Amino acid sequence: MFNNNQPPIVQATYDTRPTPVPYQQSAAMPTPVPYQSNAAAPTPLPYQANAAVMSNTTEVPTGNLNSGDSFRKEKQQKRTCKDWPFALLFIVNIIVVAVLTVKYGVDAFNEELQKQQDRNTNYKGFLKGAVTTGAFGLVFSVLMLLVLIRIPKFMIKASLIGSVVASGIWALAALSMKMWGAGVIGIIFFAISICYAFAVWSRIPFATANLTTACKAVNSNCGITVVAYFMVSLAFGWSLLWTVAFGGVWDKTYTCSTKTDRDGTTRNSCTGNLGYVFLLLVSYFFTHQVLKNALHATVAGVVGTWWFVPEDGKSCCSPAVIGSWYRSMTSSLGSICFGSLLVAIIQALRTMANAARSQDDGNGMLLCLAECILSCLESIIEYFNKWAFVYVGLYGYSYIEAGKNVMQLFKDRGWEAIIADDLIRNTLGLSTLVVGGLSGCFGLILNNNVDWFEENGSKNATIAFFIGFIVGLVLCSILLSVIESAVNAVIVCFADGPREFEEHHPELSRKMRTAWAEIYPDVGI
């Protein structure tokens, strides 16, 4: 397709992949193609160069030939239930836990509730505090999102500097209290933080452009945040349902025995049926992973629509939001369940290993090693899932196909190291901590003005701050998880459809391409 006898400047600045990108392939395209033109082309920006060549050479059909909708349809999979056995397993899991709740859990829950009433424990103050601080935490979260949109570069720099300052304070505080071990660890982290900040400082412009693009996409389809809070409310309801079921099964299956510790102390130890416990733990983590990953795939679908077909993704309850969520919960549910189950099994094994290690039965070293291995496996699979589910949300691939295709895309682009950059995740983490702190401070203000925590004596301020901090942290993390998913989707779309980005969002495209050229001059777009 390419003519090596022609000046290579246009081809080299446009794409370095070994095969032509999808939107260059068209049976209707005449020859010679625009890239073979000898016309002088400017070099600063790839798409400006291509635009100049096309305007001065062969007539190219217009209309839908190079539209984002056409390109996306080339990769869009047929609307069938992918990996459906895993979706069926997920549904069976929900039904089984509901049956266990009704059959065993209700009686156990009522008994525990009666015990709490006998102790005259009153949680109304806690509930009022959680609701009130939650309302303000939600306001703080929205304000933080606006701050991220307005000053993304400042927030990214602040997160880097903040990590250096925090590790330095940790080291100084530990050394001042003569905690030498903690001080040495603090110094090591301080040095690592400085090295990391120097290493990634040059990448801040591209991270800023990426974050800005992601925030714009979410802001144009703000209804996705409603979907996020709805999914979290489902996760909360599932936690309550599972807890009641677990309590009922434990009540029916646990056994107690007397054990003698190494120092001769005897104690009673009660354990449940390990098989049932493991299955219930898998069930718990499985459902939470499905809900989290379904939201991730939904956000990817929304960003993809905003990227390729912006007319369908520019309102609160746009077709992008509704359609993407519907696909995630129907035809793509099996693919989401497949990847989620792998992580859930590892999380259940880690939980059981941690519980066994806490009992100190003499196998602490082996169990610690097992935890470490399981943690590494979990990180690897979650990293794979993060990108695979973007392709699931964008094009409707099955789980395995999505993972293979997206990793091949990055490999062809030479982006393997680039996608490992955690600058934006660190920024979102700092933002979440700030909102949690603000909500905690509001809890302290409540504590000084209401009597909701009077029965807790001297611990009033601590409990009020803790409730506000946790509620604010959770609410902000939900909202910013949408931004994090959008950031990942932007990276994939930037690799997969740069021309569509230039066509539909030229200003954002220019910023990303300029920042990219400064940081990665030898890596093509």
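User: Why is E378 called buried?

Analyst: The relative accessible area of E378 is 9%. Buried means under 20% relative accessible area, exposed over 50%, and partly exposed in between, with a 1.4 Å probe and protein chains only. The value of 9% is under 20%, so E378 counts as buried. This is a predicted model, in which local features need pLDDT of at least 70, side-chain atom pairs count only at pLDDT 80 or more, and totals for chains, interfaces and linings use all residues. Residues are numbered from 1 along each chain as its sequence is written, while side-chain values use heavy atoms and leave out hydrogens and water.

User: What makes the pair of E378 and R350 a salt bridge?

Analyst: The N to O distance between the side chains of E378 and R350 is 2.8 Å. A salt bridge requires a side-chain nitrogen of Lys or Arg within 4 Å of a carboxyl oxygen of Asp or Glu. The pair meets this limit, and therefore it is a salt bridge. E378 in helix α13 (residues 364–395) and R350 in helix α12 (residues 333–358) are 28 residues apart, so the pair links distant parts of the chain; helices here are DSSP runs of H or I with at least four residues, strands are runs of E with at least two, and both are numbered from the N terminus. R350 is partly exposed because its relative accessible area is 27%. In general, side chains of opposite charge can pair when their charged atoms come close.

User: How do you know that E371 forms a salt bridge with R357, and which helices hold the two residues?

Analyst: The closest N and O atoms of E371 and R357 are 2.7 Å apart, which satisfies the salt-bridge rule. E371 belongs to helix α13 and R357 to helix α12, and the pair, 14 residues apart, links distant parts of the chain. E371 is buried because its relative accessible area is 11%. R357 has 35% relative accessibility and therefore counts as partly exposed.

User: Where do K511 and E507 lie, and what makes them a salt bridge?

Analyst: Both residues lie in helix α18 (residues 506–519), four residues apart, about one turn of the helix. Their side chains meet at 3.8 Å, N to O, and this fulfils the salt-bridge rule. K511 has a relative accessible area of 39% and is therefore partly exposed. By this rule, the count of salt bridges comes to five.

User: How many disulfides does the structure hold?

Analyst: A search of the whole structure finds zero disulfides. A disulfide would be a pair of cysteine sulfur atoms within 2.5 Å.

User: Why are C195 and C215 classed as buried or exposed?

Analyst: C195 has 54% relative accessibility and so counts as exposed. C215 has 2% relative accessibility and so counts as buried.

User: How do you know that A197 is in contact with L160 and V164?

Analyst: Contact means heavy atoms within 4.5 Å. Leaving aside neighbours within four places in sequence, A197 meets this condition with L160 and V164. The C-alpha atoms of A197 and V164 are separated by 8.0 Å, although the residues are 33 apart along the chain. A197 is found in helix α7 (residues 180–200), and at 13% relative accessibility it counts as buried. S193 is also in helix α7; its relative accessible area is 14%, so S193 is buried. With the same exclusion of neighbours within four places, S193 is in contact with S163, V164 and S167.

User: What makes W84, L88, V92 and V96 a nonpolar patch?

Analyst: Patches are made of residues with over 30% relative accessible area and no salt bridge; like charges are joined within 9 Å, and nonpolar side chains (Val, Leu, Ile, Met, Phe, Trp, Tyr) within 5 Å. The four residues form such a patch on the surface, with about 390 Å² of accessible area together. Accessible areas come from the Shrake-Rupley method with a 1.4 Å probe, and for residues only the protein chains shown count as cover. L88, found in helix α4 (residues 84–118), has 47% relative accessibility and therefore counts as partly exposed.

User: Which residues touch the most other members of the largest nonpolar core, and what makes a core?

Analyst: A nonpolar core is a set of buried Ala, Val, Leu, Ile, Met, Phe, Trp, Tyr and Cys residues joined through side-chain atoms within 4.5 Å. Among the 104 residues of the largest one, Y391, I483 and V492 touch the most other members. Helix α10 (residues 274–308) supplies the largest share of this core, 18 residues. Not counting residues up to four places away in sequence, V492 touches several residues, among them W387, Y391 and F410.
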